[in-house]
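Welcome, and thanks for taking a look at this one. Please open the model, and then we can walk through it together.

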Amino acid sequence: MREQKQRGSVIMKTVPFFILIMAVVLPLQGQADYQAFHAGSLKTNNTGMYILGSWAVANMAAGAYLWSTATGNTKYFGQMNLFWNVVNLSIAGFALYGNYTTDFSTMAGDELLARHLKTENLLLINSALDIGYIGAGFLMRHLSDKSVNRGDLLRGYGNSVILQGGFLLVFDLVMYGIMRGQRVDFLRDMGMALTSDNFTVGFHLTF
């Protein structure tokens with residue numbers, strides 16, 4: 001009887017120790033999972049910005065060439081491509097600068113997930129704007145047939161806006177699909193980890 005009480009006393013002293021270990025280890029593991037998820041999210045975002053920046057540089061070079069050598073609506077097509085992609089290059093540059101200079105290691109898991117979700121929502125909003133750009137491009141082309149003095153300008157600008165809006169629509173939707181897939185997979189895996197039997201601590205108390 002005395003031996004059983006001693007065993008019970010030892011176990012009762014051990015239980016808080018294990019609970020403390022679990023309270024420390026599990027949050028650390030969870031934070032590591034969030035950091036790994038964010039690393040993938042950041043890589044996707046940076047890749048997207050490099051693609052956008054490359055598109056911008058190519059269009060600026062081609063646009064400058066057409067603006068200086070072409071005539072008619074082609075001249076204005078090149079001009080708008082140049083103007084439009086100055087903005088695209090600025091967006092890509094600022095995004096990459098922020099991604100490379102921000103210390104994400106100090107952020108909690110919910111903050112990292114919130115940043116990812118914010119980017120998803122921004123991509124959806126941009127997709128809606130892209131459709132508006134394409135519509136505006138077609139409207140300018142339509143109005144070009146009715147304008148005597150600005151027909152070439154409206155047609156050139158319209159063709160450019162349709163091209164740029166079309167590219168951005170595909171870009172934003174693809175980026176959204178990839179980032180949403182990353183988030184869904186991560187949350188599913190986290191849910192499985194929380195209910196997994198791979199890491200189970202049991203206590204058997206005997207009195």
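What should the 36 residues of helix H3 span at 1.5 Å a residue, and how far apart are its end C-alpha atoms? This is a predicted model, and for residues 109–144 the expected span is 52 Å, which agrees with the 52 Å between the end C-alpha atoms.

Among the residues of H3 that are buried are Leu-112, His-116, Glu-120, Leu-123 and Ser-127. Further along, Asp-130, Ile-134, Gly-137, Met-140 and Ser-144 are buried too. As background, an α-helix has 3.6 residues a turn, so residues three or four places apart point the same way.

Now for the chain as a whole. Its elements run α-α-α-α from the N terminus on, with 4 helices and 0 strands. The overall values are gathered here:

| Property of the chain | Value |
|---|---|
| Buried share of the 207 residues | 31% |
| Share of contacts with a separation of 6 or more that come from residues 24 or more positions apart | 81% |
| Exposed area | about 13000 Å² |
| Part of the exposed area supplied by carbon and sulfur atoms | 66% |

Finally, let us zoom in on Asn-59, which is found in helix H1 (residues 2–69). Asn-59 counts as buried because its relative accessibility is 10%, and the cut-off for buried is under 20%. A polar atom of the Asn-59 side chain lies 2.8 Å from the backbone oxygen of Trp-55. Leaving aside residues up to four places away in sequence, Asn-59 touches Asn-81, Leu-82, Asn-85, Leu-163 and Gln-164. Asn-81 is 22 residues from Asn-59 in sequence, yet their C-alpha atoms are 6.0 Å apart.

Note on methods
Residues are numbered from 1 along each chain as its sequence is written. This is a predicted model: local features need pLDDT of at least 70, side-chain atom pairs count only at pLDDT 80 or more; totals for chains, interfaces and linings use all residues. Side-chain values use heavy atoms; hydrogens and water are left out. Helices (H or I, at least four residues) and strands (E, at least two) are DSSP runs, numbered from the N terminus. The expected span of a helix is 1.5 Å times one less than its number of residues. Buried means under 20% relative accessible area, exposed over 50%, partly exposed in between (1.4 Å probe, protein chains only). Contact means heavy atoms within 4.5 Å. A polar contact is a pair of N or O atoms within 3.5 Å; within protein, one must be able to donate a hydrogen and the other to accept it, and residues adjacent in sequence count only if both atoms are side-chain atoms. Accessible areas come from the Shrake-Rupley method with a 1.4 Å probe; for residues, only the protein chains shown count as cover.
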